[in-house]
Amino acid sequence: MSLNQFNNQLGYGQFCLDAESTASISVANTWTAVSLSYEDEESWQYNTQLDRGNIVLDIKGIWKIDATFTVQGATNDNMSLTIDDSNGAKLPELKWNQRGGNNWCINYSTIFNWQPAGAFTPVLFYVKNEDDTNNLTIKKGIIVCTKLY
C-alpha cells in the first residue's frame, strides 16, 4: 500500500500464548527477557507476523501495544514489566507486588514509535524482580498490537 497525505499503512495483530513461560531471574533488580510461545493466528494479523517465535511489526510508525498476562510466583516481591522500543531502549515500565505468589492479572499498555534498523526486530518482553531472585511464571496472555499512524 503506498502512502500519501490521505492514508497510512494499516497494521494489527493479536497473539495468544499457547504455553506458560517462566522467567528465570538470576540477579535481583535486573531486566530478564521472557521467552513466550504464541499460537499462530494468521487470520488476526496484518503487517505483523510471528518470526522464530517472536512478534515482529513489519512496518515503521506509531504503534499501540496492549498486553494482558496472568502471572504466578515470586511471593510478595515487587515486580516490573516492560518492552524494548525498536532500538533497544526500555519503554516505561509497569510495576506491581506479587502478593502471596497467587495468580495475578497485569495489563501493560503503551504507545511507542517503532523504527527498527533491520528487517527482523522482534517485540521482546522483560521482567524484573526488584527484591530477590524468585522466578515469575506467565501462565496465560493476550497481546494486541495496533498501528495508529
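## The nonpolar core

The largest nonpolar core of this structure has 32 residues, and those with the most contacts inside it are I65, F69, F125 and I143. Please keep in mind as you look around that this is a predicted model. Seven strands each supply at least two residues of the core: β1 (12-19), β7 (54-57), β8 (61-73), β9 (77-83), β11 (104-114), β13 and β14 (136-147). The largest share comes from β8, with 5 residues.

F125 is a good place to start exploring. Leaving aside neighbours within four places in sequence, F125 is in contact with T32, A33, V34, L36 and Y38, and also with I65, A67, F69, L81, T82, I83 and I143. Three of these partners, I65, F69 and I143, share with F125 the listing of residues with the most contacts inside the core.

## The four-stranded sheet

Strands β3, β13, β9 and β10 line up in that order as an open sheet, and the pairing is antiparallel. At the edges are β3 (32-34) and β10 (94-98), each of which pairs on one side only. If you look at how neighbouring strands of this sheet lie, they are turned by 30° against each other on average, direction ignored. As general background, strands of a sheet pair through backbone hydrogen bonds, either parallel or antiparallel.

Now for the individual pairings. Strand β13 (residues 125-129) is joined to β3 by 3 bridges, and the two run antiparallel. Within that pairing, V34 stands opposite F125 of β13; V34 is also among the contacts of F125. On to β9: 5 bridges join β9 to β13, again in the antiparallel sense. Here T82 has Y126 in β13 as its bridge partner.

## Strand β13 up close

How many of the residues of β13 are buried? The count is 5 of 5, so this strand is largely enclosed by the rest of the structure. F125, V127 and N129 point one way from β13, while Y126 and K128 point the other way, and all are buried.

K128 deserves a closer look, as a lysine lying in strand β13. Its relative accessibility is 11%, and because buried means under 20%, K128 counts as buried. Setting aside residues within four places in sequence, K128 is in contact with N29, T30 and W31, with N78, M79 and S80, and with E93. Y126, which points the same way as K128, has a charged visitor: the charged end of K90 sits over the ring of Y126, 4.0 Å from its centre.

## The loop after β13

Following the chain, D132 is found in the loop between β13 and β14. Is D132 buried, exposed or partly exposed? With a relative accessible area of 28%, D132 is partly exposed, because that class falls between the buried limit of 20% and the exposed limit of 50%.

D132 and A28 are 104 residues apart in sequence, yet their C-alpha atoms are 4.7 Å apart in space. A28 is also one of the residues that D132 touches, along with I25 and D77, not counting residues up to four places away in sequence.

## The three-stranded sheet

A second open sheet has 3 strands, in the order β6-β7-β12, with antiparallel pairing. Its edges are β6 (48-51) and β12 (122-123); each has a single partner strand, so one side of each is left without a neighbour in the sheet. The pairing of β6 with β7 is antiparallel over 4 bridges, and Q49 has V56 in β7 as its bridge partner. Strand β7 also turns up in the core, where it supplies at least two residues.

## Aromatic rings and a charged neighbour

The structure holds 4 aromatic pairs. One of them is formed by F15 and Y38: the ring centres are 6.1 Å apart and the planes are at 70°, so the pair is edge-to-face. This pair links distant parts of the chain, with F15 in strand β1 and Y38 in strand β4 (residues 37-38), 23 residues apart. Both F15 and Y38 are buried, and Y38 is also in contact with F125.

Another pair brings together F112 and W114, with ring centres 5.9 Å apart and planes at 80°, so this pair is edge-to-face too. Both F112 and W114 are buried. Finally, have a look at R52: its charged end sits over the ring of F120, 3.9 Å from the ring centre.

Note on methods:
Residues are numbered from 1 along each chain as its sequence is written. This is a predicted model: local features need pLDDT of at least 70, side-chain atom pairs count only at pLDDT 80 or more; totals for chains, interfaces and linings use all residues. Side-chain values use heavy atoms; hydrogens and water are left out. Two strands pair if DSSP finds at least two bridges between them. Axes are lines fitted to C-alpha atoms, for helices over the stretch in contact, and angles run from 0 to 180 degrees between N-to-C directions. A nonpolar core is a set of buried Ala, Val, Leu, Ile, Met, Phe, Trp, Tyr and Cys residues joined through side-chain atoms within 4.5 Å. Buried means under 20% relative accessible area, exposed over 50%, partly exposed in between (1.4 Å probe, protein chains only). Contact means heavy atoms within 4.5 Å. Rings of Phe, Tyr and Trp (its six-membered ring) pair if their centres lie within 6.5 Å; planes under 30 degrees apart count as stacked, over 60 as edge-to-face and the rest as tilted. A charge sits over a ring if NZ of Lys or CZ of Arg is within 6 Å of the ring centre and within 35 degrees of the ring normal.
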